[in-house]
Amino acid sequence: MRRGLFTLVCAVLAALPLAGRVSAQVERTATIVAEPARGPILLELFTSQGCSACPPADRLLASLAPREDLLVLSFHVAYWDHMGWADPFAIPASARRQRGYARTMRSRSIYTPQMVIQGGVAAVGSDETRIMRLIADAAPTALLAITREAGAVERFQVEVPEMKDVTVALELWAVMYGSADGRFVPHGENAGHMLHHVNVVRQAGIVAVVERTPALVQFDRPDIAGADGVALILQARNLGAVVGTGRLSLR
């Protein structure tokens, strides 16, 4: 394992493709003149139960989770599974998303714990001082309103407000997550510890490409075990700037 950033992180070279798209229905809607409401600031923690530097970052994320102005997500990666403990919460989409950010930010490596704020800047996931400063300086995003439609197959409906300053096509990500989870780790760098996590991502993928706003997006609810919430992230293609966020509890 190669260590960097004063041994506070676990680093690995980046080189994987982005996640694929999931089909959805996108409709134009009437233009809304009112200023759109602000969405929560997006914090994405890339973490692993196989990394001894990650528990402090997991605790920091948990302390920030109750804030209504923040949308925190825990993306568990599997690239440390060979170190003695396979992270049970790791999914392929996590490493793909993190490597996509590395390409966008022109970084030659990825590491854990890493916190990405609003899809544009990154910090060591346990560096509370820097993370709080980046939160304070984060550009505002539009609020994505999401509702559920009952039926034979439950559907989500997402309202994307008009964004006059956005002139590029946008990708809408749907992220299914479990609000709280934990596991005792018997092996690896965190052997003997009970690790707790918040908003653990179970599935993440693109559900629509939004070329003009305002728009209405509809897609079927994925059947994902352990998911009790859905987060929406609207950002420029290839994991560019985040311009809209939203969430809905499914409990």
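pLDDT is the predictor's confidence in each residue, running from 0 to 100. For this chain the pLDDT averages 89, and 86% of the residues score at least 70. The structure is a predicted model, so local features need pLDDT of at least 70 and side-chain atom pairs count only at pLDDT 80 or more, while totals for chains, interfaces and linings use all residues. Residues are numbered from 1 along each chain as its sequence is written, and side-chain values use heavy atoms, with hydrogens and water left out.

Two stretches stay under 50 in pLDDT. Residues 1-7 make up one of them, and the model has 16 contacts for it beyond four places in sequence; here a contact means heavy atoms within 4.5 Å. Residues 13-23 are another, with 35 contacts beyond four places in sequence.

On to the overall layout. The chain holds three helices and 17 strands, where helices (H or I, at least four residues) and strands (E, at least two) are DSSP runs numbered from the N terminus. Of its 251 residues, 51% count as buried; buried means under 20% relative accessible area, exposed means over 50%, and partly exposed is in between (1.4 Å probe, protein chains only). Among contacts with a separation of 6 or more, 72% come from residues 24 or more positions apart.

Helix α2 (residues 92-104) has 13 residues and reaches 19 Å from its first C-alpha to its last, close to the 18 Å expected at 1.5 Å a residue. That expected span is 1.5 Å times one less than the number of residues. Buried positions in α2 include Ala93, Arg97, Arg99 and Tyr101. Just after α2, arginine 106 takes a positive phi of about 60°. Arginine 106 sits in the loop between α2 and β7 and is exposed, with a relative accessible area of 79%.

On the other side of the helix in sequence, phenylalanine 89 lies in the loop between β6 and α2. Phenylalanine 89 is buried, at a relative accessible area of 3%. Its contacts outside the neighbours within four places in sequence are with Gln49, His76, Asp181, Gly182, Arg183, His197, Val200, Val201 and Arg202. The C-alpha atoms of phenylalanine 89 and serine 48 are 8.4 Å apart, with their positions 41 residues apart along the chain.

Asparagine 199, in strand β14 (residues 193-210), also has a positive phi, about 45°, although it is not a glycine. Asparagine 199 is buried, with a relative accessible area of 12%. Its side chain reaches the backbone oxygen of valine 72 at 2.8 Å, a polar contact being a pair of N or O atoms within 3.5 Å; within protein, one must be able to donate a hydrogen and the other to accept it, and residues adjacent in sequence count only if both atoms are side-chain atoms. Beyond four places in sequence, asparagine 199 touches residues including Val72, Leu73, Tyr177 and Ala180.

The second largest pocket has a volume of about 230 Å³. Of the 15 residues that line this pocket, Ala65, Tyr177, Asn199, Arg247 and Arg251 are the closest to its centre. The elements that give two or more residues to its lining are β6 (70-76), β13 (170-185) and β17 (242-249). A pocket, on a 1 Å grid over the protein atoms alone, is an open set of points where a 1.4 Å probe fits, with protein on both sides within 12 Å along at least five of seven lines; lining residues have an atom within 4 Å of a point. Grid points are joined across faces, edges and corners, and the volume is the space filled by probe spheres set on the points.
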